[in-house]
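Thank you all for coming; I would like to walk through one model this morning, beginning with its aromatic rings and ending with a strand. Please have the view open while I talk.

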Amino acid sequence: MSRDQSQERYDVWTRRQVAYLPIMLDGNLVGYLWGGQTGSAAGSFARAGSGISPVKFSIFWSGKLEETYQLGLKPVEAISYWIGKPEDSLCGGIPADAVLGEARTIQELALRLNPNSPLGEGPWVQDGEYPSGAPADRSEGWGPLVSVPTPTYPDETASPVTYLPITCDGEVRGYLWVSTTDNAAGYLQRTAAGRDGMIASGLWRSRLVDAYEAQVPTPDLLGHIRAQPESSPKLFGIIADTTAEQHAASLADLRQLAEGH
């Protein structure tokens, strides 16, 4: 994800279409977690009258989004990352069976949750643009855009690879792979999987980041990830119990398979 070098978190305003997920507490809707379908905005809205503290709610979910920002996840990937995670006793959580919804604007989404509390239009510059769509002048303080890498396994190798297909409803979304001779590992999205494959790609890469931070060596990586409980199979996809590890002579060969060649 491209970022302003001085930026430390997602933008909190956008004029673009957003995806969102319900935040539930004890079976009740207490808010939405949203992310821009393009750009770099993400945030949360608390439901008025739900009995939660809006200040604590905002601090809690802002912290969660800061975590996914540091993982390098795009906004829709970031909100999806929290599906099925344990529910907080004060600020709720996103159920394991939650499905992404869509809204044309965050103003529209806020009104769905709190019909009597319009959100307002926000700052003049959003998504790096003025209301007219003209790009903001970066010399005014935006600075050059840079890519911030997240520590993880190297994603290139010259060696043969071992891999597992990731599937959903019988369709392959991508391939989780490890090198057979070095410390490289990664996930390749299957081109034909489209938007679902893109979302799954970010989620599986976040699992690789977690495994890297846990210092799991690549010879153990596929078994380590396979042993983890399934989380949100409609978003992640699954490694089927009957699927055996497969082999490709090179990462380039696996890329050709992912691209449908």
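Let me begin with Y10 and Y69, both of which are buried, where buried stands for under 20% relative accessible area, exposed for over 50% and partly exposed for what lies in between, with a 1.4 Å probe and protein chains only. Before going on, I should say that this is a predicted model, in which local features need pLDDT of at least 70 and side-chain atom pairs count only at pLDDT 80 or more, while totals for chains, interfaces and linings use all residues. Residues are numbered from 1 along each chain as its sequence is written, and side-chain values use heavy atoms, with hydrogens and water left out.

Rings of Phe, Tyr and Trp (its six-membered ring) are taken to pair if their centres lie within 6.5 Å, as stacked when the planes are under 30 degrees apart, edge-to-face when over 60 and tilted for the rest. By this rule the count comes to 9 aromatic pairs. The ring centres of Y10 and Y69 are 5.0 Å apart and their planes stand at 90°, so this pair is edge-to-face. Y10 belongs to the loop between strand 1 (2-4) and strand 2 (18-25), and Y69 to helix 1 (residues 54-70), 59 residues apart; helices (H or I, at least four residues) and strands (E, at least two) are DSSP runs, numbered from the N terminus.

Y187 and W204, in turn, form a stacked pair, 6.3 Å from centre to centre and with 5° between the planes. Because Y187 lies in strand 9 (residues 185-189) and W204 in helix 4 (residues 194-213), this pair ties together parts that are 17 residues apart in sequence. Y187 is buried at a relative accessible area of 3%, and W204 is buried at 2%.

Which strand is largely enclosed by the rest of the structure? That is strand 7 (residues 161-168), because 8 of its 8 residues are buried. On one side V161, Y163, P165 and T167 are buried, and on the other T162, L164, I166 and C168 are buried, so that both faces are covered.

Strand 7 pairs with strand 8 (residues 171-179) in the antiparallel sense over 8 bridges, where pairing requires that DSSP finds at least two bridges between the strands. In that pairing L164 stands opposite L176 of strand 8. Strand 7 also runs antiparallel to strand 10 (residues 246-248), joined by 3 bridges, with V161 opposite A248.
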